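User: Please take a close look at one part of this model, the loops with unusual backbone geometry, and set it in the context of the whole chain.

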Amino acid sequence: MLNAQYALNLHTEAGALAACGADVSASAWLRMAEVVRAEGGRLVAIWGSDRGAPGMLMSAVYCVAQGLLWLRLPVGAGEDYPDLSAVFPAATRMQRAVYDLLGLCAAGVDDARPWLNHGRWPADYFPLQQHNSGREQFDLELEQYHFVSVAGDGVHEIGVGPVHAGIIEPGHFRFSVVGEKVLRLEQRFGYTHKGTEKLFAGMAPAQGARLAARVSGDSTVAFTWAYCMAAEAASGCVVPARAAWLRALLLERERIANHLGDLGALGNDCGLALGLAQFSLLKEDWVRLNDALFGHRFMMDCIVPGGCAVDIDGVGLAALRDQCARTETTLHNLRAIYEGHAGLQDRFIGAGRVTPALAAQLGLCGMAGRASGQAFDARADAPIFPYDELVLQMATSRSGDVAARVAVRFDEIDEALRLLRAIAGQISAGPVLLPLPAASPHARALGWVEGWRGAVLVGLELDGAGAILRCHCHDPSWHNWPVLQHAIMDNIVPDFPLINKSFNLSYSGSDL
């Protein structure tokens, strides 16, 4: 059984997560992972940090019944650490990224190929080690990446990307197919490694929110809130109640905007141009009101450490309620069209199915996980204020196909519209921002927020002067990208854009 003293209590009035957890031995690192798995817990994130003279530190955060469990493993020079991928398959890419960034290697891993280093920096250079600036210049040839090959009669490969049309970020997809049936898909990302995690180093906690807001632009509210939650915990700051209500309002507006855009794109992928046109109109109306009320179409930089940089008055709340009513009416009409359209349903039903058993095994999470029987939503299962007063009705399905992910999106928009109306009616008066106190030296804290894709986590570690030593921003796409490789198997190549869009995962959030 897990020791409850290791778990973080999420039910805090201000929504801040204290830096509880434990330093463990190498044997306990693996043993605790096995215990978490046996008790139905989930891996949330793995990362490493260079603490200077004390040496390297591996971190693993798990979601368990008691809350979040943060385990830390000191790793000496030249040492490795136990591989967790046999317990949690999602650990594979995270551990590969840890090696590329810090030189910490998991012992005996099956896949030791580089993930973020595409040969553009030397094999013995690790950008997150403290003695490296992250700005060194290298003139190296791009290394050949060894994709897994599939052999057999009639098997051939189709390469897609890394360059895509429009503004889509780069990513490579290598299909092994027979005819049009996909036997295997292998992904390759990390083409625009931005050095975000290195940029955090040395910042004051009050400064890091602007960088966190730019981890993944479509989740700017979620990442900023998670970062601020961690910074506030490290500083002992309790945000005003009105600021917490505003943060929830912004988060639900972000959720709706993304679901509206994706539902239109999913219709378009099946040739239903009407769906794209109508949902695009809904989304454009939505983000224009964001701009009018909060000064930015995607509400970037509206959340800051200590509260919010924006507020809303009675006129703004009335405009918000009116938009919710209009959107709800149009949404229900469009849902009837989608569910009654035989051609659309023929493409949706059965495509890209991820069974609940496979979803549980691979760690599928967030909206896509809830469509495959993984009934977890941090707003309901680990509610912070004000979600503990709103009582979320979680949207779930067990079908696990494109149709299920579409249905969950519709349901989540409906619920988010209800939440917005409830927030507008319950938001308390008072200040929206308080000064952020000085952070405690060597403080550690977590922020965890259920974004529209799933829960985003920010792990914050400070140095002896109270500046940022390490800030790890973790997107749920780390877990879900590998599952997409399974979802496409036995489907036809032309269905990949549809299946891919039904997940709509983040390239940027997986390439910091």
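Analyst: Helices and strands are here DSSP runs, numbered from the N terminus, with at least four residues for a helix and at least two for a strand. On that basis, Asp490 falls in the loop between α15 (477–487) and α16 (496–503). The model is a predicted one.

Asp490 is not a glycine, yet its phi is positive, at about 70°. Is Asp490 buried or exposed? Its relative accessibility is 55%, and exposed means over 50%, so Asp490 counts as exposed.

Asp301 also has a positive phi without being a glycine, with a value near 65°. The loop that holds Asp301 runs between α7 (273–294) and β11 (303–304). Here the relative accessibility is 22%; buried would require a value under 20%, so Asp301 counts as partly exposed.

Two cis peptide bonds can be described next to these loops. One runs from Gly161 to Pro162, with omega near 15°. Pro162 sits in the loop between β8 (155–160) and β9 (172–178). Another joins Phe385 and Pro386, where omega is about 10°. Pro386 is placed in the loop between α12 (378–381) and α13 (387–390).

The helix that precedes the loop of Asp301 is α7, and Ala292 belongs to this helix. Ala292 has a relative accessible area of 63% and is therefore exposed. Between Ala292 and Gly316, which are 24 residues apart along the chain, the C-alpha atoms are separated by 8.9 Å.

A residue in a strand gives a contrasting environment. His474 is part of strand β15, which covers residues 468–474. With a relative accessible area of 1%, His474 is buried. Which residues does His474 touch, leaving out those up to four places away in sequence? They are Val44, Ala45, Met94, Phe223, Ala455, Val456, Leu457 and His479. For Ala455, the C-alpha to C-alpha distance to His474 is 8.8 Å, at a sequence separation of 19 residues.

As for the whole, the protein chain contains 16 helices and 15 strands. Its radius of gyration is 22 Å, close to the 24 Å given by the globule rule for 512 residues, so the chain is as compact as a globular protein of that length. The C-alpha trace spans about 70 × 60 × 50 Å along the principal axes. Of the 512 residues, 56% count as buried. Among contacts with a separation of 6 or more, 69% are between residues 24 or more positions apart.

The accessible surface of the chain is about 19500 Å², and 54% of it belongs to carbon and sulfur atoms. There are 41 positive and 54 negative side chains, with the centres of the two sets 2 Å apart.

On confidence, the average pLDDT of the chain is 94, and 96% of the residues score at least 70. Residues 3–19 have a pLDDT below 50, and beyond near neighbours in sequence this stretch has 50 contacts in the model. Where pLDDT is low, the predicted coordinates should not be read in detail.

Note on methods: Residues numbered from 1 in each chain as written. Predicted model: local features only at pLDDT ≥ 70, side-chain atom pairs only at ≥ 80, totals over all residues. Heavy atoms only, no water. Rg over C-alpha atoms; globule rule 2.2 N^0.38 Å. Buried < 20%, exposed > 50% of the residue type's maximum accessible area, 1.4 Å probe, protein only. Contact = heavy atoms within 4.5 Å. Areas by Shrake-Rupley, 256 points an atom, 1.4 Å probe, with all protein chains shown as cover. Lys, Arg positive; Asp, Glu negative; His and termini not counted. Charge placed at Lys NZ, Arg CZ, Asp CG, Glu CD. pLDDT = per-residue confidence, 0-100.
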